[in-house]
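Please open the model in a viewer and keep the selection tool at hand. The tour below proposes what to select at each stop and describes what is found there.

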Amino acid sequence: DILGRIVYQTTRVTMDAREDITVRINDQPVPSFIAHEVTPSVSMASFEPGVAYHIADGFSLLGGLRLGAVLSGTYEQRSTLDPSIPYDFSNGAGVREETAGDIPQLNTMQFGIFVGARYGFPLNTQRTLRLVPEVQFAPLFTSFVATDAWSASSFRAMLGLQFSLMKSRPVTTPLRPE
């Protein structure tokens, strides 16, 4: 089968790192930390042409291209001081470097592939209507930011309905005369 899909996808993930520090409380060294947190959010629309190769009745392997355009990209960032210690940053708060905005130097064009498998459960006797669970792995090869190697890979689980416009009839051969 030849496939063609239009996909809208959003990706939002929180990345954090812990920076271990030592502070002095009552002339005693106390281990502590600063938590650094960045949460990017990217939305993308893509066209996915591909093929499905039928292995057995109803079971297919899939593969194709992901050609996408980033519609928006924003981020939120902050650093938080360990709340268990009686200190604040020099700004008088337990949080600093709190910023948000558009991701700079965002690559608008994205390229990747998808590979997966699906199985169609017939819902009628003509086998023209099927319930189709599908799994896919879909990595992107293009970076979201022009200056950094930052891309996303998706594992997608889907459930769909498939309707066939064409019906197939079994072909019979005439009997040979004796």
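**The largest cavity**

The largest cavity holds about 40 Å³ of space. The model is a predicted one, and the search yields one cavity of 30 Å³ or more. To see its surroundings, select Gln9, Thr11, Val42, Met44, Leu140 and Phe144, the residues that line the largest cavity. Which strands each supply at least two residues of this lining? They are strand 1 and strand 3. Colouring the lining of the largest cavity by class shows four nonpolar residues, two polar residues and no charged residues.

**Salt bridges across the structure**

Clear the selection and turn to charged side chains. Side chains of opposite charge can pair when their charged atoms come close. How many salt bridges does a search of the whole structure find? The search finds nine, and the stops that follow visit some of them.

**Arginine 118 and aspartate 1**

Select arginine 118 together with aspartate 1. These two residues form a salt bridge, in which the closest N and O atoms are 3.6 Å apart. Arginine 118 belongs to strand 6 (residues 109-119), while aspartate 1 sits in the segment before strand 1 (2-12), so the pair ties together parts that lie 117 residues apart in sequence. Is arginine 118 buried or exposed? With a relative accessible area of 9%, arginine 118 is buried. Its partner, aspartate 1, is partly exposed at 45% relative accessibility.

**Glutamate 48 and arginine 66**

Next, select arginine 66 and glutamate 48. A salt bridge joins them, with 3.4 Å between the closest N and O atoms. Arginine 66 is found in strand 4 (residues 59-81) and glutamate 48 in strand 3 (residues 28-56), so this pair ties together parts that are 18 residues apart in sequence. Arginine 66 counts as buried at 1% relative accessibility, and glutamate 48 counts as buried at 0%. Now add Arg156 to the selection: Glu48, Arg66 and Arg156 are linked in a network of salt bridges.

**Arginine 96 and glutamate 97**

For the last stop, select arginine 96 and glutamate 97. Their side chains meet in a salt bridge, at 3.9 Å from N to O. Arginine 96 is partly exposed, with 31% relative accessibility, and glutamate 97 is also partly exposed, at 44%.

Note on methods:
Residues are numbered from 1 along each chain as its sequence is written. This is a predicted model: local features need pLDDT of at least 70, side-chain atom pairs count only at pLDDT 80 or more; totals for chains, interfaces and linings use all residues. Side-chain values use heavy atoms; hydrogens and water are left out. A salt bridge is a side-chain nitrogen of Lys or Arg within 4 Å of a carboxyl oxygen of Asp or Glu. Helices (H or I, at least four residues) and strands (E, at least two) are DSSP runs, numbered from the N terminus. Buried means under 20% relative accessible area, exposed over 50%, partly exposed in between (1.4 Å probe, protein chains only). On a 1 Å grid over the protein atoms alone, a cavity is a set of points where a 1.4 Å probe fits but cannot get out, and a pocket is an open set with protein on both sides within 12 Å along at least five of seven lines; lining residues have an atom within 4 Å of a point. Grid points are joined across faces, edges and corners, and a volume is the space filled by probe spheres set on the points. Ala, Val, Leu, Ile, Met, Phe, Trp, Tyr, Cys and Pro count as nonpolar, Asp, Glu, Lys and Arg as charged, and the others, Gly among them, as polar.
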